[in-house]
Structures are given as C-alpha cells and as structure tokens.
Amino acid sequence: MTPIITGIYSKFTAEPANSLYTALGGRLYHAEAPQNATFPYAVVFIVSHEHDWVFDDEFEEALVQFSIFTNERSAVTAGTLWGYLKSLYDDATITVSGYTQISMIRGQSRLIRDETGNIWHYSVDYDVMVQE
C-alpha cells in the first residue's frame with residue numbers, strides 16, 4: 001500500500017531533520033537497499049496488508065517492517081538507531097493520502113547479527129491502521 005510508505009517517508013524527511021534522518025544520513029530505502037549501500041541505513045516495506053469492515057466502516061491494516069543495518073562490531077549503534085526509530089514512529093501520526101490514519105503501533109523488534117559480515121540487523125514491526 002504505497003500511501004502508507006509515502007506517509008512514513010514524508011515523516012522521515014520532514015523539516016527540521018529528526019535524529020533518525022540525521023543518524024542515517026537520509027538513507028531510508030523502500031523494499032531493498034541498493035547494492036553496496038553505505039552503512040548505516042534502513043529499509044521499510046509492507047509485510048502484509050488486509051482490508052477489513054466493521055459495521056459500516058472500511059479499514060486498511062498493514063504490517064510495516066523497518067530493518068536497520070549497521071556494520072560495526074558492537075550493537076550500540078543499532079540500538080541507538082532503534083531508539084531514534086521508536087521516538088519518530090511510536091504512536092506517530094503520518095499523512096496517508098486518501099485515508100484517515102487510525103493508529104501506528106510498534107509490535108515485535110528483533111536484533112540479529114550476521115557474524116560473517118559483521119552486520120547488525122534490527123528488525124522492527126509496526127501495525128498501521130487507516131480508514132477510507
């Protein structure tokens with residue numbers, strides 16, 4: 001659902017710059033990062049999307065995943081970026097064209113280390129609900 005991704009990216013790039021934007025150097029990519037992307041960076045994509053009805057109201061609900069990547073020996077930077085992500089998007093209001101946003105709630109977070117490439121991956125899920 002492109003309007004949700006657009007709303008997420010608009011919040012990320014809003015002026016004045018937020019801590020997440022500054023720490024990532026503006027590197028938030030949709031679906032996948034370019035090959036040889038500069039660390040740190042983040043990727044955002046929709047994992048699942050469903051259409052629902054409650055009485056006369058129609059809702060769209062999307063599970064959105066942010067993936068933060070760092071290439072440092074320690075997980076400290078990944079944890080700091082996770083904190084910036086939480087500050088920006090926990091219970092955030094985003095503009096979703098054609099919809100009224102109902103909620104943006106953080107779900108699971110997972111920190112994974114790829115020891116062969118010394119890369120930390122912080123995966124963070126958000127449930128976003130909008131109404132037509």
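Me: Buried means under 20% relative accessible area, exposed means over 50%, and partly exposed is in between (1.4 Å probe, protein chains only). What makes Tyr 89 count as buried?

Reply: Tyr 89 has 0% relative accessibility, which is under 20%, so the label fits. Keep in mind that this is a predicted model, where local features need pLDDT of at least 70, side-chain atom pairs count only at pLDDT 80 or more, and totals for chains, interfaces and linings use all residues. Residues are numbered from 1 along each chain as its sequence is written, and side-chain values use heavy atoms, with hydrogens and water left out.

Me: Why is the pair of Tyr 89 and Tyr 126 called edge-to-face?

Reply: Rings of Phe, Tyr and Trp (its six-membered ring) pair if their centres lie within 6.5 Å; planes under 30 degrees apart count as stacked, over 60 as edge-to-face and the rest as tilted. Here the centres are 6.5 Å apart and the planes are at 65°, so edge-to-face is the right name. Tyr 126 is buried too, with a relative accessible area of 0%.

Me: What makes this pair a tie between parts of the chain?

Reply: Tyr 89 lies in helix α3 (residues 76-89) and Tyr 126 in strand β5 (residues 119-131), so the pair ties together parts 37 residues apart in sequence. Helices (H or I, at least four residues) and strands (E, at least two) are DSSP runs, numbered from the N terminus.

Me: Why is the pair of Tyr 9 and Phe 12 called tilted?

Reply: Their planes are 40° apart, with 6.0 Å from centre to centre. That angle is neither under 30 degrees nor over 60, so the pair goes with the rest, the tilted ones. Both residues lie in helix α1 (residues 2-13), three residues apart, about one turn of the helix. Phe 12 is buried at 0%, whereas Tyr 9 is partly exposed at 38%.

Me: How do you know that the buried residues of α1 line one face?

Reply: The buried ones are Ile 4, Ile 5, Gly 7, Ile 8 and Phe 12. Seen down the axis, they fall within an arc of 160°, so they line one face of the helix. The arc is that of the directions from the helix axis to the C-beta atoms.

Me: How do you know that Gln 101 touches Met 129?

Reply: Contact means heavy atoms within 4.5 Å, and Gln 101 touches several residues that way, including Ala 92, Ile 94 and Met 129. Gln 101 lies in strand β4 (residues 100-114) and is buried, at 16%.

Technical notes. Lists of a residue's contacts leave out its neighbours within four places in sequence.
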